[in-house]
Amino acid sequence: MRKLNQLFLILVLSLILLLFVSIFYNLYYIQTYQTNAVLKTRDDGLSSLATIYVITPTYDRFVQKAELIRLSHTLILAKNIHWILVEDSLQKTPLVTRFLKNIQDYGHLSYTHLNALTPPQFKLKTTDPNWLKPRGVLQRNAGIEW
């Protein structure tokens, strides 16, 4: 008789535990569903916003690709961004061209790739302080004209 009471008690406790688990699981499921619904609504609201154009002048250097990757990962997080990347070169470089084609695999970032060469008289020499001549002005203007 005592074993029967113990088995009955274990059965009742197991049923109570199962009830609590199912209640908390349902609450978690409802909360997750509501959160996803809010995020969906928030995404739909963003589609009606205006497009933001980001103009980035860049030039060939050792850390160029690393800096472009970091910036692209930041821009991918936002919606309605159009990235205008303007190189300081006579032609579009293969590095940046390949990079821009590869970022399409990561997200929804739209971009425009331009180039505008800075004349030699406006380029900084190694002995010049960095404030002496404007940097990236022709590239930003090319992005604005686009």
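Q: Over the ring of which residue does the charged end of Arg61 sit?
A: Let's start with one spot in this predicted model. A charge counts as sitting over a ring when, among other conditions, the CZ of Arg is within 6 Å of the ring centre. The charged end of Arg61 lies 4.3 Å from the centre of a ring, and that ring belongs to Tyr59.

Q: Which residue forms a salt bridge with Arg61?
A: Side chains of opposite charge can pair when their charged atoms come close. The cut-off for a salt bridge is 4 Å between the nitrogen and the carboxyl oxygen. For Arg61, the closest N and O atoms are 2.4 Å apart, and the partner is Glu67.

Q: How many salt bridges does the structure hold?
A: We have just met the pair of Glu67 and Arg61, which form a salt bridge. For the structure, the count is one.

Q: Is Glu67 buried, partly exposed or exposed?
A: Buried means under 20% relative accessible area and exposed means over 50%. Glu67 has a relative accessible area of 30%, so this residue is partly exposed. Its salt-bridge partner Arg61, at 25%, is also partly exposed.

Q: How many aromatic pairs are there?
A: Rings pair if their centres lie within 6.5 Å. By this rule, the count is two.

Q: Is the pair of Trp83 and Phe99 stacked, tilted or edge-to-face?
A: The ring centres of Trp83 and Phe99 are 6.3 Å apart, and their planes meet at 90 degrees. Planes over 60 degrees apart fall in one named class. The pair of Trp83 and Phe99 is therefore edge-to-face.

Q: Which parts does the pair of Trp83 and Phe99 tie together?
A: Both Trp83 and Phe99 are buried. The two residues are 16 apart in sequence, and each belongs to its own element. Trp83 lies in a strand covering residues 81-87 and Phe99 in a helix covering residues 94-102, so the parts tied together are E2 and H3.

Q: What pattern does the protein chain follow along the sequence?
A: The protein chain has four helices and three strands. Read along the sequence, they give the pattern α-β-α-β-α-β-α.

Q: Where in the protein chain is confidence lowest?
A: The mean pLDDT of the chain is 78, and 78% of its residues reach 70 or more. Confidence is highest in E2, at 91. Where pLDDT is low, the predicted coordinates should not be read in detail. The lowest mean, 64, belongs to residues 2-46, which form helix H1.

Conventions
Residues numbered from 1 in each chain as written. Predicted model: local features only at pLDDT ≥ 70, side-chain atom pairs only at ≥ 80, totals over all residues. Heavy atoms only, no water. Phe/Tyr/Trp six-rings, centres within 6.5 Å; stacked < 30°, edge-to-face > 60°. Buried < 20%, exposed > 50% of the residue type's maximum accessible area, 1.4 Å probe, protein only. Lys NZ or Arg CZ within 6 Å of the ring centre and 35° of its normal. pLDDT = per-residue confidence, 0-100. Salt bridge = Lys/Arg side-chain N within 4 Å of Asp/Glu carboxyl O.
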